[in-house]
Amino acid sequence: MPRDVAVTSSLEPVRSPGHVSGSSFGPVAKVAGARWLAALMLAGISLASPSAFAEQASPADNASASESMSESVSGLVDESASEQAEQMPFVARDVASDANAGNGSARDIAPDLRMAIDVSGSMKHNDPTNLRASALDLLVTLLPERSRAGLWGFGEQVQPLLALGAVDAGWKQAARGLEGRLDDYEQYTDLEAGLRAAAEGADASIDGQGPRQVILLSDGMVDLREPSSEKAASDSASRQRITDELTPQLAAHNITVHTVALSRNADIDLLQQVADGTGGLATVAETPEDLLRAFLGALDRIVPGELVPLEDKRFTIDGSVEEFTALVFHGPDDSAPVLIAPDGQRYSLADKASLPEGVRWEHQPRYDLITVTDPEAGQWRIEGQVGVDSRITVVSDLALVSRPLPATLYRGFGYSLSASLVDGARDVDEQDFLATLDGNARLVPEDEGGMSAETAVVTTAQQRGLERDGAQFSVNMPPPQQPGGARLTLTIEGQRDGAPFARQLSQRTSVVDPLLVEPIGGNAQNSTPPSALEVSARHPLLNTANTQLDATLQGELLSVAEAGESRWRIELPPLERDVSADVQISARIVLGGSSRVIDLAPYTLNENAARRAANLDRSPIEGESFGEIQGLDQAVEEQEDLNDLLMKGRLPIDKVPALISQWFEGASDFAQREAESPQSRMIAYAVAGVIGLLVVIMLVRRMTRKPTQREEPHV
């Protein structure tokens, strides 16, 4: 990204050493020639909380800039759960950030990004065109030059691809030259070593450094090079170390991991746990657009930018905007977009040589990056394809700021959001201007096709209006219900000096169940079903003391036992390999004196097998047996006759043809049986003779009847 493109400098709050208590902000740092916004996180802005009852918190509960961490957490989480709230990874990191910011040390911290990229052999199949290189190019383009970054490849071994260093023109050129190195495929996948190497860097130590952001991209699961007799145990042990040891260590040392699964065959549960445990974003990317979106979503959290809304290919620039950057996504075969200013002037790549001095343009096959300095105020338009996640980033002293929006939301749990409108180093105090402002918060699910907030059907979104108190905006959002990726957006709009004004914050997030279900035993490759399921708490406030599980399989209650402070074990009965069935799990949760029941997504056993009634090693399920209908008055013992169903008014419409067929078959059988009887034949002959005699008599009478003369009528 060009030096002056507007992005925020860090996830950490920036305050001056002389910062005083209250709602005002510390000075906003501007890097010379870059004007990076550096005051996005404030101690007085409430963090989106995963607390079960955060939606009940009022804006007055939000902590001020000088309040301690315990006070800010208790304002968001029910008092009865405040001690547990400190276990929440991203809350704990914000505490440390506030403490550092209070003494002025945080303002010198630049974004620190490390990438760990899977180069195992399976990537030949899951990324045959090396889309990782395209996504990496986007990331390199958008990284601000005051940040630090490094890249590692991992397969059987870890390969340092680009040493951790300051991002400048030389570093970006070296990063763009790595495309060939990403094709050096290796046979195995050591996820643990790749993640550890990126987190530690050249220091070979997790601790002793400032906040770090890691992007972990993989298409598989832990797959170590071990003898066949030891491989399963070694793979399992490495996976366990990642979840139980490495992830908590990373969280404790302020290291956030954003995970990207490049295939549904990846260990998505493991990647989700790592992201959840460190406060990062977990994404599944199955298309080129998904991959670009995943990298952009991670970058939004590393260097979040100030946006203006982009709707119907239009956006409004107000007089306070010093510069804007349009990131426009499109298809690889689409032509570059055309940018049209409020006065009608057209900017296009075809006329790149004649672009004004204040316009910079970078074109790539799937996106264009257009930066305009000192732009004209008014409504701008874009001609051409405008894809998902296109955005307009601005540089302005008038900024909507908040702490990072939550990377993970939990089904059934509400959360609170808060932001503030600032003008440089202070809150906006123009009352006439503030009175015009209105806003909302929206959570829009992304479907499997990649739908985002710009194109999603409004009815699928959760939306609530923001409450304003001066320059402060807050909202309590309802519990999300639809699992999967989503975009969380805060928007304010109004009028300033008679002209339209708008600001927006937008980040991707994941909606997950508050409990994670994993199989124990079994083998998916040979369709051997697991012997049990292990359920663990994803939500940091849940444990066996406040959560009770019920599980059923085909209507039968299963045994649930506690397996730790926040783990449960569900025993499964024997199940045939060729049978698919769902385990239904519900959780009754009691927090703060209130209870709720959350039904988890069904866990499917033998997902690829036929879905039919299973023999669960217990008494067979009683059912009805259906046989062939043999006659009008015949029925199989286990079956109710169709005639009876008709008389009772319970005959389904689709059974009418069968009933008619049954009648004809019965009549035919009766006629055939009667025709084969000798007595019946004699009676038939006698009846035929009588009928014949009657016919002859009628004919004779008719022939011998005298004709009658007709008289003409007299008038």
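Visitor: How far apart are the closest N and O atoms in the salt bridge between Asp290 and Arg293?
Guide: First off, this is a predicted model, where local features need pLDDT of at least 70 and side-chain atom pairs count only at pLDDT 80 or more, while totals for chains, interfaces and linings use all residues. Residues are numbered from 1 along each chain as its sequence is written, and side-chain values use heavy atoms, leaving out hydrogens and water. A salt bridge here is a side-chain nitrogen of Lys or Arg within 4 Å of a carboxyl oxygen of Asp or Glu. For Asp290 and Arg293, the gap between the closest N and O atoms is 3.0 Å.

Visitor: Which helix holds Asp290 and Arg293?
Guide: Both residues are buried, meaning under 20% relative accessible area (exposed is over 50%, partly exposed in between; 1.4 Å probe, protein chains only). They sit three residues apart, about one turn of the helix. That helix (a DSSP run of H or I, at least four residues; strands are runs of E, at least two; both numbered from the N terminus) spans residues 288-302 and is H10.

Visitor: How many residues apart in sequence are the parts that Arg503 and Asp318 tie together?
Guide: Arg503 and Asp318 form a salt bridge, their closest N and O atoms being 2.7 Å apart. Arg503 is in strand E25 (residues 499-512) and Asp318 in the loop between E8 and strand E9 (321-329), so the parts they tie together are apart in sequence by 185 residues.

Visitor: Is Arg503 buried or exposed?
Guide: Its partner Asp318 has a relative accessible area of 8%, so Asp318 is buried. Arg503 has 0% relative accessibility, so Arg503 counts as buried.

Visitor: Which residue forms a salt bridge with Glu571?
Guide: Glu571 is partly exposed, at 36% relative accessible area. The partner is partly exposed too, at 30% relative accessibility. With closest N and O atoms 2.5 Å apart, the partner of Glu571 is Arg569.

Visitor: How many residues of strand E5 are buried?
Guide: On one side, Ile255, Val257, Thr259 and Ala261 are buried, and on the other so are Thr256, His258 and Val260. Strand E5 (residues 255-261) is largely enclosed by the rest of the structure, because the number of its residues that are buried is seven of the seven.

Visitor: Which residue stands opposite Thr259 in E5?
Guide: Strand E4 (residues 212-218) pairs with E5 in the parallel sense over seven bridges; pairing takes at least two DSSP bridges between two strands. Opposite Thr259 stands Leu216.
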